[in-house]
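Work through these exercises with the structure open beside you. Try each task before you read its solution.

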Amino acid sequence: MHDQGLLLVNLGSPLSTEVADVRQYLNQFLMDPHVVDLPWPLRRLLVSLILLRRPAESAEAYKLVWQPEGSPLVVISERLRDEVRKLWSHGPVELGMRYAQPSIESALLRLAEQNVKSVVLAPLYPQFAESTTTTAIEEAERIVNKHKLTLELRTLPAFYEDESYIHALVASARPDLEQDFDHLLLSFHGLPERHLTKLDPTGNHCLQSADCCQTASDEVLAGCYRAQCLRTAERFASAAQLQPQQWSVSFQSRLGRAKWIEPYTEEQLEELAGQGVKKLLVMSPAFVADCIETLEELAIRGREQFIAAGGEDLHLIPCLNDHPEWAAALVRLCEARRSS
Ligand SMILES: C=CC1=C(C)c2cc3[nH]c(cc4nc(cc5[nH]c(cc1n2)c(C)c5CCC(=O)O)C(CCC(=O)O)=C4C)c(C)c3C=C
Ligand SMILES: [Fe+2]
Ligand SMILES: [Fe+2]
């Protein structure tokens with residue numbers, strides 16, 4: 001049977017580096033109630049304020065990393081889709097982006113045209129957050145209902161400590177880990193603290209103590225993005241045989257004035273330089289594909305900050321991108337979901 005499709009979903013990028021396209025993308029993204037989780041009037045007001053300056057600033061940042069074929073995130077995700085197509089023998093494989101193009105709608109309609117009966121929906125986020133995973137799932141469900149598609153969706157859960165994902169991370173980082181370095185910073189995308197506390201099933205665990213994420217029960221861990229990031233980092237360090245003093249974790253990409261989860265990457269870069277770290281490796285396991293947040297925020301701006309604070313070099317370890325071990329790991333994960 002060739003009727004079990006696979007839909008890979010990632011976040012999406014502006015259509016071009018034109019300010020108008022970046023504004024349209026940021027508006028669609030930030031007006032998503034799972035991203036800016038305020039009541040509509042407040043969300044509209046806040047996003048409109050952000051859209052006064054952010055599109056021009058972000059457009060400049062996108063220009064620094066844009067590839068001839070388009071946004072790095074989209075181009076790399078397409079390459080991953082092509083690798084996965086070679087390995088998935090159960091039906092067609094498509095790629096959909098939550099915002100902008102190629103849309104989840106176009107991808108699901110292509111799958112439906114090919115008469116698939118079921119689709120494994122794979123949000124390409126190793127750690128769960130409502131602002132990424134939940135919104136991708138809801139959008140896919142909305143499209144199925146809108147077009148009355150007769151296909152069953154089976155969602156791949158967060159895979160933050162899956163052994164094959166961790167091994168793929170180690171394999172892809174190995175060439176850089178074999179070079180001389182003083183410290184490895186694992187910089188995950190951040191989240192407003194409220195996004196964590198509102199999902200705390202106990203109501204009094206998340207962010208109540210400095211080690212809440214290390215002492216999280218399975219029930220708390222299931223909904224806690226920060227605890228899942230720390231779990232990924234620990235599993236990675238153990239599999240890569242790193243000593244505890246060789247690595248640390250931080251959270252990047254803070255937006256707005258609300259408190260986001262800590263420690264902040266910007267501060268950690270200065271702290272590490274102050275401690276005498278000269279050669280810093282940085283990797284970002286929350287992203288499976290390199291994007292503006294790794295290529296510009298870390299490899300360009302982060303590098304400048306680190307050197308200004310006394311460091312000598314910051315080297316960014318590429319994301320998993322289309323690494324063959326990652327494509328194989330992803331297919332294994334999705335196959336388990338197909339038959340479960
Ligand atoms: C990896 C998981 C991600 C989480 C969690 C996440 C939450 C989150 N993000 C913003 C705001 C922005 N994020 C932006 C870019 C961006 N974010 C992710 C992933 C996560 N976001 C990716 C993969 C990307 C890259 C997109 C690309 O085209 O390369 C941006 C846009 C760029 C910029 O202006 O900096 C914004 C804005 C919020 C508010 C949030 C949680 C509430
Ligand atoms: Fe983001
Ligand atoms: Fe926690």
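**Exercise 1. Which residues of H10 are buried?**

Solution. Keep in mind that this is a predicted model.

Step 1. A residue counts as buried if 20 or more other C-beta atoms lie within 10 Å of its own. In H10, Thr 265, Gln 268, Leu 269, Leu 272 and Ala 273 are buried.

Step 2. Look down the axis of H10. Its buried residues fall within an arc of 135°, so they line one face of the helix. An α-helix has 3.6 residues a turn, so residues three or four places apart point the same way.

Step 3. Turn to the face away from the buried side of H10. Glu 267 and Gly 274 are exposed there.

Step 4. Find the packing partners. The buried residues of H10 pack against S5, S6, S7 and H12.

Step 5. Move just past the end of H10. Gly 276 has a positive phi of about 95°.

**Exercise 2. Describe the buried and exposed faces of H12 (residues 297–308).**

Solution.

Step 1. List the buried residues. In H12 they are Glu 297, Leu 298, Ala 299, Gly 302 and Phe 306.

Step 2. View H12 down its axis. The buried residues fall within an arc of 140°, so they line one face of this helix.

Step 3. Check the face turned away from that buried side. Glu 304 and Ala 308 are the exposed residues it carries.

Step 4. Ask what covers the buried residues of H12. The cover includes the strands S5 (183–189), S6 (247–252), S7 (279–283) and S8 (313–316). Helices H10 (265–274) and H11 (292–295) are also among the covering elements.

Step 5. Continue along the chain. Gly 310 follows H12 and has a positive phi, near 115°.

**Exercise 3. How do H10 and H12 cross, and which residues make the contact?**

Solution.

Step 1. Take the axes. Those of H10 and H12 come within 8 Å and cross at roughly 35°.

Step 2. Find the hand. H10 passes H12 in a right-handed crossing.

Step 3. Name the contact residues. H10 supplies Thr 265, Glu 266, Leu 269, Glu 270 and Ala 273. H12 supplies Gly 302, Gln 305 and Phe 306.

Step 4. Sort them by class. The contact of H10 with H12 has three nonpolar, three polar and two charged residues.

**Exercise 4. Are H6 and H9 parallel or oblique to each other?**

Solution.

Step 1. Read the geometry. The axes of H6 (residues 163–177) and H9 (residues 225–239) come within 9 Å and cross at roughly 60°.

Step 2. Apply the cut-offs. Angles under 35 degrees count as roughly parallel, and 65 to 115 as roughly perpendicular. H6 and H9 are therefore oblique.

Step 3. Add the hand. The crossing of H6 and H9 is right-handed.

Step 4. Look at the contact itself. Ile 166, His 167, Leu 169 and Val 170 of H6 meet Arg 235, Phe 236 and Ala 239 of H9. By class, this contact has five nonpolar, one polar and one charged residues.

**Exercise 5. Is Arg 231 buried or exposed? Is Thr 215 buried or exposed?**

Solution.

Step 1. Place Arg 231. This residue is in helix H9.

Step 2. Count around Arg 231. There are 20 C-beta neighbours inside 10 Å, so Arg 231 counts as buried.

Step 3. Find its contacts. Leaving aside neighbours within four places in sequence, Arg 231 is in contact with Tyr 160 and Glu 161.

Step 4. Place Thr 215. Its loop runs between helix H7 (193–197) and helix H8 (218–221).

Step 5. Count around Thr 215. With 10 C-beta neighbours inside 10 Å, Thr 215 is exposed.

**Exercise 6. Where are the cis peptide bonds before Pro 102 and Pro 263, and which residues other than glycine have a positive phi?**

Solution.

Step 1. Recall the background. Most residues other than glycine have a negative phi, and most peptide bonds are trans.

Step 2. Check Pro 102. The bond from Gln 101 to Pro 102 is cis, with omega near -5°. Pro 102 sits in the loop between strand S2 (93–97) and helix H4 (104–113).

Step 3. Check Pro 263. A cis bond joins Glu 262 to Pro 263, with omega about 0°. Pro 263 lies in the loop between S6 and H10.

Step 4. Turn to phi. Ala 100 has a positive value near 65°, and Ala 100 lies in the loop between S2 and H4. Asn 321 has a positive phi of about 50°, and its loop lies between S8 and helix H13 (324–339).

Key: Residues numbered from 1 in each chain as written. Chains lettered and ligands numbered in written order. Predicted model: local features only at pLDDT ≥ 70, side-chain atom pairs only at ≥ 80, totals over all residues. Buried ≥ 20, exposed ≤ 12 C-beta atoms within 10 Å, placed from the backbone. Helix = DSSP H or I, 4+ residues; strand = E, 2+ residues; numbered from the N terminus. Arc of directions from axis to C-beta. Contact = placed C-beta atoms within 7 Å. Axes fitted to C-alpha atoms, helices over the stretch in contact; angles between N-to-C directions. Left-handed = near helix turned anticlockwise from the far one by under 90°. Nonpolar A, V, L, I, M, F, W, Y, C, P; charged D, E, K, R; others polar. Parallel < 35°, antiparallel > 145°, perpendicular 65-115°, else oblique.
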